[in-house]
Amino acid sequence: AVSHAARLIIYKLRSPLRSLPLAGSWWFGVMNQFIRAQKEHRLPELFARFCEAGDTVHCMNAWFIGESLVTKDPSLAKHVLNSQQFFDRNAIFTDTFSYVSNGLLVLDGPTWKRHRSVASKAFTVAVLKAVVDHSNNQIDIMFKKWETLHSQGPIEVSAEMSQFALEIIGLAAFSEQLAFEDVLRAVEEVNRGVMERIGLPRVTWPFTPDFIKFKQARDLIRNFNQRLLQERKQNRIDRPGEVRGDKSDLVDLMLEDGILSDAEILDELVMFYLAGHETTSNAACWVISQLDQYPDVMSEVRREVKEVIGDRFPTYDDMRALQYMDCVIKETLRVYPVAPITARQCSKTHYCPALDLSIPKGTIVLMANQETHNNPKYWERPNEFDPSRFA
């Protein structure tokens with residue numbers, strides 16, 4: 001304990017971050033608070049408390065194992081996200097997510113660039129137009145289903161949007177409807193299991209609650225995607241001359257390039273499935289909630305939709321014309337960001353103009369997006385829902 005205390009004192013005197021306000025304890029750090037808040041779904045409240053001391057605060061991770069910055073300063077966030085010195089993902093997060101998939105979310109350096117070059121082809125105009133068509137078909141099915149459910153009582157929108165998002169992802173990736181109940185439950189279990197284990201050493205996981213259930217859900221998703229991938233590869237062998245063209249989905253695009261191995265393609269499909277599912281469904285739920293709470297906003301959205309689209313299904317080209325809807329979505333994401341925290345780890349000690357000091361190698365920067373989005377220094381009336389601020 002004496003040795004540890006001595007090291008802390010020396011560290012405090014030498015650390016270039018010592019001029020920043022301190023959050024948490026020098027002795028115990030903040031990792032325990034972080035893990036507890038994560039389990040209780042109270043991370044935004046924890047980061048709000050940290051940021052009461054300043055736009056950027058300094059904290060020890062745990063027992064002298066590195067240090068972190070928590071910030072709601074957009075200039076620092078911009079520096080971190082654009083700097084080559086912060087290219088590395090934070091090991092605390094990547095170690096957790098890599099248990100499920102070694103996809104883009106956990107990769108760094110040249111490997112990340114190679115995977116990114118392939119995955120980016122899933123967002124070409126031709127592919128996105130196909131996604132709009134898929135969405136229209138699924139929305140039509142969903143609304144007909146809601147007409148029946150509504151007569152039976154309230155509709156659980158969260159569950160419905162979760163299934164809808166999974167269906168669209170399946171169509172975009174495999175050109176198939178894949179929102180089977182067991183897969184949907186597995187996706188939800190994996191997302192919950194990952195968030196509950198962030199920061200916990202991997203060796204402790206078998207002793208955590210519901211670990212077996214978490215592992216089984218992970219295996220179900222990976223095996224499910226593995227089977228679909230092998231079926232697609234066999235189809236390509238059986239029909240070598242078939243060209244899908246604009247109807248190519250994510251699997252086609254990854255297989256055609258030959259840049260990624262089968263194992264890497266599987267990791268990207270699993271990550272695409274998990275990362276794209278919850279963020280999309282949560283964002284849709286919050287938009288629906290805001291429209292319900294603000295009738296004047298809903299009326300303006302309805303007016304714009306009738307004016308631009310009328311009674312037909314929307315097309316990809318209609319999206320640009322729905323300018324007020326775009327503002328509503330952006331304002332919803334400001335108030336309820338789908339990623340309340342973004343983390344990066346400094347790979348090289350360097351000077352940061354936003355802080356006017358050097359950030360040591362290994363420092364973790366946690367960007368508190370929800371606090372940034374509600375910082376009165378940068379937003380007028382941040383507690384008000386006002387889509388016109390993005391007009």
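Visitor: How many aromatic pairs does a search of the whole structure find?
Guide: The model is a predicted one. Rings of Phe, Tyr and Trp count as a pair if their centres lie within 6.5 Å. A search of the whole structure on that basis gives a total of 9.

Visitor: Are the rings of Trp 286 and Tyr 336 stacked or edge-to-face?
Guide: Planes under 30 degrees apart count as stacked, and those over 60 as edge-to-face. The ring centres of Trp 286 and Tyr 336 are 3.7 Å apart and their planes meet at 5°, so the pair is stacked.

Visitor: How many residues apart in sequence are the parts that Trp 286 and Tyr 336 tie together?
Guide: Trp 286 belongs to helix α12, residues 262–293. Tyr 336 is in the loop between α15 (323–335) and β3 (341–345). The pair therefore ties together parts whose separation in sequence, in residues, is 50.

Visitor: Is Trp 286 buried, partly exposed or exposed?
Guide: Buried means under 20% relative accessible area and exposed means over 50%, with partly exposed in between. The value for Trp 286 is 34%, so this residue is partly exposed. Its partner Tyr 336, at 25%, also counts as partly exposed.

Visitor: Which parts of the chain hold Tyr 294 and Phe 385?
Guide: The rings of these two residues have centres 5.0 Å apart and planes at 20°, so Tyr 294 and Phe 385 are stacked. The pair ties together parts that are 91 residues apart in sequence. Tyr 294 is in the loop between α12 and α13 (295–308), and Phe 385 is in the segment after α16 (369–373).

Visitor: Is Phe 385 buried or exposed?
Guide: The cut-off for buried is under 20% relative accessible area. Tyr 294, at 28%, is partly exposed. Phe 385 has 10% and therefore counts as buried.

Visitor: Which residues form one aromatic cluster?
Guide: One of the members, Trp 205, also has Arg 202 over its face, at 5.1 Å from the ring centre. Another member, Phe 214, is in contact with Trp 205 and Tyr 99. The cluster consists of Tyr 99, Trp 205, Phe 211 and Phe 214.

Visitor: Which residues touch the most other members of the largest nonpolar core?
Guide: Nonpolar side chains tend to be buried together in soluble globular proteins. Here the largest nonpolar core has 56 residues. Those that touch the most other members are Phe 47, Val 70, Val 100, Val 190, Phe 214, Leu 269 and Leu 366.

Visitor: How many residues are in the second, separate core?
Guide: Members of this core include Leu 69, Cys 346, Leu 357 and Val 365. The number of residues in the second core is 14.

Visitor: Which residue in β2 stands opposite His 58?
Guide: All 5 residues of strand β1 (56–60) are buried, so the strand is largely enclosed by the rest of the structure. His 58 shares one side of β1 with Thr 56 and Met 60. β1 pairs with β2 (residues 67–71) in the antiparallel sense over 5 bridges. Opposite His 58 stands Leu 69.

Visitor: Where does Asp 356 lie?
Guide: Most residues other than glycine have a negative phi. Asp 356 has a positive phi of about 60° although it is not a glycine. Its relative accessible area is 56%, so Asp 356 is exposed. Asp 356 is in the loop between β4 (350–352) and β5 (357–359).

Methods:
Residues are numbered from 1 along each chain as its sequence is written. This is a predicted model: local features need pLDDT of at least 70, side-chain atom pairs count only at pLDDT 80 or more; totals for chains, interfaces and linings use all residues. Side-chain values use heavy atoms; hydrogens and water are left out. A nonpolar core is a set of buried Ala, Val, Leu, Ile, Met, Phe, Trp, Tyr and Cys residues joined through side-chain atoms within 4.5 Å. Buried means under 20% relative accessible area, exposed over 50%, partly exposed in between (1.4 Å probe, protein chains only). Contact means heavy atoms within 4.5 Å. Rings of Phe, Tyr and Trp (its six-membered ring) pair if their centres lie within 6.5 Å; planes under 30 degrees apart count as stacked, over 60 as edge-to-face and the rest as tilted. Helices (H or I, at least four residues) and strands (E, at least two) are DSSP runs, numbered from the N terminus. A charge sits over a ring if NZ of Lys or CZ of Arg is within 6 Å of the ring centre and within 35 degrees of the ring normal. Two strands pair if DSSP finds at least two bridges between them. Lists of a residue's contacts leave out its neighbours within four places in sequence.
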